[in-house]
Structure formats: C-alpha cells, structure tokens
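Q: Please take a close look at one part of this structure and describe it in a connected account. The part of interest is the run of helices that begins the chain.

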Amino acid sequence: MRIHDAADVQYLLKKTGRVLSPNQRIVVMLYASSEQRPDGTVMIKASTLAATAGMTPPVLSRTRKELLEAGWLEVTGSVGSVNHYRLNPALFEDRGQAGRHLRAVGS
C-alpha cells in the first residue's frame, strides 16, 4: 500500500484506528508514504525513517517488530543482517478496485 492522495491517508487512519497503538499507526503511515520498490519494499534506512517520524531508532525498531508480529509488516528480503520490509498487501484487499490499483502500482 502506498499513499497517493488524501483518500489513502483517510483509509489508513480508519483501518488502523482502535487497532494499533499511536506509534504503530505512525510507522504504518511512514511505510505507506515512503518511496517503495515495485513490490512495496521500503529501502530507506531505519535511522532515516526514525528521524522522519521523530522517534529514536530503538523505538522504531521495537514498533516495527510489533507490527511484524501482528502481521502488518512483512520481511521482503535482506542484505547481510539488514532486513527490508513492506506493508502486508493482504491487509488492504478490502480496498476493492482502488486496492488492486494501488498494489499494481506499488507492488
């Protein structure tokens, strides 16, 4: 899932509301709004993502681990000991045609 417009932001806010903690929601929004590879993988360093969100790297790492365990994020590969992540596309299938379009563009 990649944010393209205000409707995507509203969708993610509704989807994550009352389900995720505030830090988890911020990280989901961060991954959805970051530059992505065609499969949805975000290749930006964790320290850069943390700085963008106003978090320390350990807080981002802990929050990302929680999202991974909850199924919101998935590992798409690694280089050495550095994992790469993307939002789990299965969570956004309820977008219907818009979701298919977003996955076709961002996956």
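A: The account below begins with the chain as a whole and then follows its helices in order.

This is a predicted model, in which local features need pLDDT of at least 70 and side-chain atom pairs count only at pLDDT 80 or more, while totals for chains, interfaces and linings use all residues. Residues are numbered from 1 along each chain as its sequence is written, and side-chain values use heavy atoms, with hydrogens and water left out.

The protein chain has five helices and two strands; helices (H or I, at least four residues) and strands (E, at least two) are DSSP runs numbered from the N terminus. From the N terminus on, the order of elements is α-α-α-α-β-β-α. Of the 107 residues in the protein chain, 36% are buried, where buried means under 20% relative accessible area, exposed means over 50%, and partly exposed lies in between (1.4 Å probe, protein chains only).

Helix α1 covers residues 6-16 and helix α2 covers residues 22-33. Their axes come within 10 Å and cross at roughly 150 degrees, which makes α1 roughly antiparallel to α2. The axes are lines fitted to C-alpha atoms, for helices over the stretch in contact, and angles run from 0 to 180 degrees between N-to-C directions. Angles under 35 degrees count as roughly parallel, over 145 as roughly antiparallel, 65 to 115 as roughly perpendicular and the rest as oblique. The crossing of α1 and α2 is right-handed, meaning that the near helix is turned clockwise from the far one by less than a right angle; an anticlockwise turn would be left-handed. On the α1 side, the contact (heavy atoms within 4.5 Å) is made by Val-9, Leu-12, Leu-13 and Thr-16, and on the α2 side by Arg-25, Val-28, Met-29 and Ala-32. These residues divide into six nonpolar, one polar and one charged. In this scheme Ala, Val, Leu, Ile, Met, Phe, Trp, Tyr, Cys and Pro count as nonpolar, Asp, Glu, Lys and Arg as charged, and the others, Gly among them, as polar.

Within α1, the residues Asp-8, Tyr-11, Leu-12 and Thr-16 are buried. They lie on the same side of α1 because they cover an arc of only 115 degrees around the axis, the arc being that of the directions from the helix axis to the C-beta atoms. The face turned away from this buried side carries the exposed residues Ala-6 and Lys-14.

The loop between α1 and α2 contains Arg-18. Arg-18 has a positive phi of about 60 degrees although it is not a glycine. Most residues other than glycine have a negative phi. At 89% relative accessibility, Arg-18 counts as exposed.

In helix α2, attention may turn to Gln-24. Gln-24 is buried, with a relative accessible area of 12%. Leaving aside its neighbours within four places in sequence, Gln-24 is in contact with Thr-63, Glu-66 and Leu-67.

Helix α2 also meets α3: their axes come within 11 Å and cross at roughly 115 degrees, in a right-handed crossing. Here α2 contributes Ile-26, Leu-30 and Tyr-31, and α3 contributes Leu-49, Thr-52 and Ala-53. By class, this contact has five nonpolar, one polar and no charged residues.
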